[in-house]
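The following exercises are meant to be worked with the sequence and the coordinates open. Each task is followed by a solution in steps.

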Amino acid sequence: MALPLEVVGLSTTLFTRRGEMKAVDGLSLSVGAGETVALVGESGCGKSLSALSIMRLLPDPPARIVGGEVRLNGRDLVQLPEEGMLDIRGQEIGMIFQDPMSSLNPVATIEKQIAEVLMTHTDLGRGQARARAHELLEMVGMPDAGRRLDAYPHQLSGGMCQRVVIAMAIACSPSVLIADEPTTALDVTVQAQVLALLKKLQADAGMAMVFITHDLGVVAETADRVVVMYAGRKVEEAAVDDLFDTPLHPYTAGRLVACFAAERG
Amino acid sequence: MSLLSLRDVHVRFNTAAGVVRAVNGVSLDLAVGETLGLVGESGCGKSTLGKAIMKLVPIAGGEILVEGIDIAPLDRKQLTDMRRKVQMIFQDPYGSLNPRSTVGRSVAQPMVLAGWTAEATATRVETLLRWVGLPTDAKQRYPHEFSGGQRQRIGIARALALSPRLIICDEPVSALDVSVRAQVINLLEDLKGEFGVSYLFISHDLSVVEHIADRVAVMYLGTLAEVGGRDQIWRSPQHPYTKALLAAAPVANPRLARTRPRTVLQGELPSPLDPPAGCPFHSRCPIAQDRCKAERPTLRPVGGGALAACHFV
């Protein structure tokens with residue numbers, strides 16, 4: 001059986017006035033069902049652009065996928081027309097963005113935003129979608145879920161907004177979830193809550209998860225395998241224990257040292 | 001005498017929804033040459049407290065003493081003198097520099113305001129840029145030409161301009177990438193060694209505070225939960241909130257991450273518009289009892305030189 005997500009030699013180039021930039025350069029990775037692969041690297045190394053390339057969310061121009069395949073349950077997304085992608089996003093592959101405040105529509109209620117996902121991809125009517133939205137909010141541990149349905153994003157805290165974004169991403173039980181720095185904007189206590197929630201949801205549904213982060217502490221807490229990126233390329237891939245025990249690439253080693261130096265003093 | 005002394009400081013904001021008690025009775029001392037870390041979740045009042053010390057927001061009660069002088073009654077002229085002693089570095093290195101001013105002009109501003117000659121100012125700007133590790137030609141360039149880490153260095157140069165005694169660092173590395181973060185932290189430590197400046201280091205990032213602070217104050221909902229030496233707090237935190245906060249931080253060790261016991265703090269910070277009666281932490285506290293709902297605990301010694309505000313430690 002095909003893996004939920006298999007990326008082979010994915011290359012994305014940005015065509016700008018100042019020249020071409022290989023933002024993602026031959027990236028390959030695969031994620032099994034129920035597995036979490038962390039994609040790590042510092043700002044600007046191409047982690048987020050890789051995620052957006054997988055989701056085909058990059059604007060062309062300037063960005064174009066110039067090579068490679070993104071196989072979702074065996075089907076190559078790169079070759080798919082945009083209309084085909086509309087059915088797939090939110091349905092088979094969900095995404096959680098870094099900044100929960102700006103990834104929600106400020107002028108629509110929480111219920112409307114979750115129901116939109118459900119009504120686009122399923123046959124649920126408005127009433128059923130509302131009931132399902134309520135269920136989803138309870139599933140992601142939203143306090144006082146019934147009352148929050150009619151709230152607007154500005155009335156919720158960052159942690160609560162991120163729960164809404166997660167509820168939207170898992171609304172149609174996707175087989176793959178891409179989480180792009182889902183806890184970077186949150187406090188440690190709320191971060192711990194959100195990480196525990198994602199782990200639980202993943203265990204329940206057997207989702208394949210790509211977890212993008214620059215925080216090696218978060219990697220240690222969540223990942224099964226780790227892919228390290230530098231300047232658009234994969235420089236190392238290892239099981240999480242092996243990576244922390246014996247980092248092979250000098251960049252990974254340097255990164256770990258920087259991280260421990262910051263932690264141990 | 002303490003460099004900075006806070007005595008029962010209160011800050012309130014009047015909003016359409018009611019009075020927000022952002023800082024609710026904080027007492028704290030900072031000694032010369034000391035780095036005090038102030039930690040807590042977003043919205044706990046730590047940045048407001050920093051701004052109150054700079055007199056950027058008015059206090060509603062209590063006293064703030066800088067080198068023994070109460071800053072509340074100071075007039076404009078005296079305030080200028082005070083600000084020479086106490087400077088601030090802001091979180092957002094993009095928003096805290098004027099985009100239309102060259103770096104040289106931004107860094108020179110404190111000297112201009114202090115009435116230095118053009119010549120002395122120019123020399124000082126060059127020295128400052130060298131101290132913070134920026135090329136001298138930086139002074140003719142504009143903020144957008146620099147990376148986040150470099151801009152934070154510019155902010156540090158500006159804060160150092162008039163040789164302050166105390167620098168309030170409000171989340172100075174939160175907006176920076178990990179590798180750059182370490183460089184800026186090291187720079188702050190070097191400057192401390194060289195100039196004997198003290199820091200009030202405000203951060204929600206515990207690993208950074210563990211690295212840089214001598215003492216740590218943990219803030220929750222406008223009040224102090226615990227104050228103590230860095231090692232003491234990390235080795236044996238006493239207040240249940242301090243314990244939860246330290247336990248929530250991810251550890252960069254996968255085996256330890258899987259096996260260590262973890263109590264995830266439930267719920268969120270209550271609204272400071274309507275803080276819980278009694279102990280502010282009782283609504284999320286794992287060991288709360290009836291007494292906590294009625295009676296607000298005060299800071300008291302809990303051993304190892306630390307103070308904690310809890311009835312049951």
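The exercises below concern a predicted model, and they treat sheets, backbone geometry and the contact between chains in turn.

**Exercise 1. Determine the strand order of the open six-stranded sheet of chain A, and explain why β6(A) and β10(A) each have one side without a neighbour.**

Step 1. The order of the six strands in chain A is β6-β7-β8-β3-β9-β10, and the pairing is mixed.

Step 2. The edges of this sheet are β6 (93-96) and β10 (233-239) of chain A; each has a single partner strand, so one side of each is left without a neighbour in the sheet.

Step 3. With direction ignored, neighbouring strands of the sheet are turned by 15° against each other on average.

Step 4. At the β6(A) edge, the partner is strand β7 (residues 176-180) of chain A; the two run parallel and are joined by four bridges. Within this pairing, Ile96(A) has Ala179(A) as its bridge partner in β7(A).

**Exercise 2. Identify which strands of chain A are touched by helix α6(A), and which strands helix α1(A) lies across.**

Step 1. Helix α6 (residues 158-170) of chain A packs on the sheet and touches β6 and β7 of chain A. The direction of α6(A) makes about 170° with that of β6(A).

Step 2. Helix α1 (residues 47-54) of chain A lies across β3 (36-40), β6, β7, β8 (208-213) and β9 (225-230) of chain A. Relative to β8(A), helix α1(A) runs at about 150°.

**Exercise 3. Describe how β4(A) pairs with β1(A) and with β5(A), and characterise the turn of the hairpin.**

Step 1. Strand β1 (residues 5-16) of chain A pairs with β4(A) in the antiparallel sense, over eight bridges. One of the partnerships links Thr12(A) to Ile65(A) in β4(A).

Step 2. Strand β5 (residues 75-76) of chain A also runs antiparallel to β4(A), with two bridges between them. Here Leu72(A) stands opposite Arg75(A) of β5(A).

Step 3. β4(A) and β5(A) form a hairpin with two residues between them, and in its turn Asn73(A) has a positive phi of about 50°.

**Exercise 4. Locate the cis peptide bonds at Pro61(A) and Pro62(A), and find the phi of Ser173(A).**

Step 1. Asp60(A) and Pro61(A) are joined by a cis peptide bond with omega of about -5°. A cis peptide bond also joins Pro61(A) to Pro62(A), with omega of about 5°.

Step 2. Pro61(A) lies in the loop between α1 and β4 (63-72) of chain A, and Pro62(A) is placed in the loop between α1 and β4 of chain A.

Step 3. Ser173(A), a residue other than glycine, has a positive phi near 45°. Its place is the loop between α6 and β7 of chain A.

**Exercise 5. Set out the strand order and pairing of the four-stranded open sheet of chain B.**

Step 1. In chain B the order is β2-β1-β4-β5, with antiparallel pairing. The edge strands β2 (18-30) and β5 (69-70) of chain B each pair on one side only.

Step 2. Strand β1 (residues 4-15) and strand β4 (residues 61-66) of chain B run antiparallel and are joined by five bridges. Ser5(B) has Leu65(B) as its bridge partner in β4(B).

Step 3. Helix α1 (residues 46-53) of chain B packs on this sheet, touching β1, β2 and β4 of chain B, and its direction makes about 110° with that of β1(B).

**Exercise 6. Characterise the interface of chain B and chain A: how much area is buried, and how many salt bridges cross it?**

Step 1. In the interface, 31 residues of chain B are in contact with 31 residues of chain A. The two chains bury about 2,600 Å² between them, 51% of it on carbon and sulfur atoms. On the side of chain B, Pro250(B), Ala252(B) and Glu268(B) lose the most area to chain A, together 24% of what that side buries.

Step 2. Three salt bridges cross the interface, as do four residue pairs in polar contact. On the chain B side, α7(B) gives the most, with five residues, and the residues of that side divide into 13 nonpolar, nine polar and nine charged.

Step 3. Over all chains, the whole structure holds 35 salt bridges. Arg255(B) forms one with Asp245(A), the closest N and O atoms being 2.9 Å apart. This pair crosses from helix α9 (residues 240-245) of chain A to helix α10 of chain B. Arg255(B) also meets Asp241(A) in a salt bridge, at 3.8 Å from N to O.

Key. Residues are numbered from 1 along each chain as its sequence is written. Chains are lettered from A and ligands numbered from 1 in the order in which they are written. This is a predicted model: local features need pLDDT of at least 70, side-chain atom pairs count only at pLDDT 80 or more; totals for chains, interfaces and linings use all residues. Side-chain values use heavy atoms; hydrogens and water are left out. Two strands pair if DSSP finds at least two bridges between them. Axes are lines fitted to C-alpha atoms, for helices over the stretch in contact, and angles run from 0 to 180 degrees between N-to-C directions. Contact means heavy atoms within 4.5 Å. Buried area is the accessible area (1.4 Å probe) that two parts lose on being put together, summed over both. A salt bridge is a side-chain nitrogen of Lys or Arg within 4 Å of a carboxyl oxygen of Asp or Glu. A polar contact is a pair of N or O atoms within 3.5 Å; within protein, one must be able to donate a hydrogen and the other to accept it, and residues adjacent in sequence count only if both atoms are side-chain atoms. Ala, Val, Leu, Ile, Met, Phe, Trp, Tyr, Cys and Pro count as nonpolar, Asp, Glu, Lys and Arg as charged, and the others, Gly among them, as polar.
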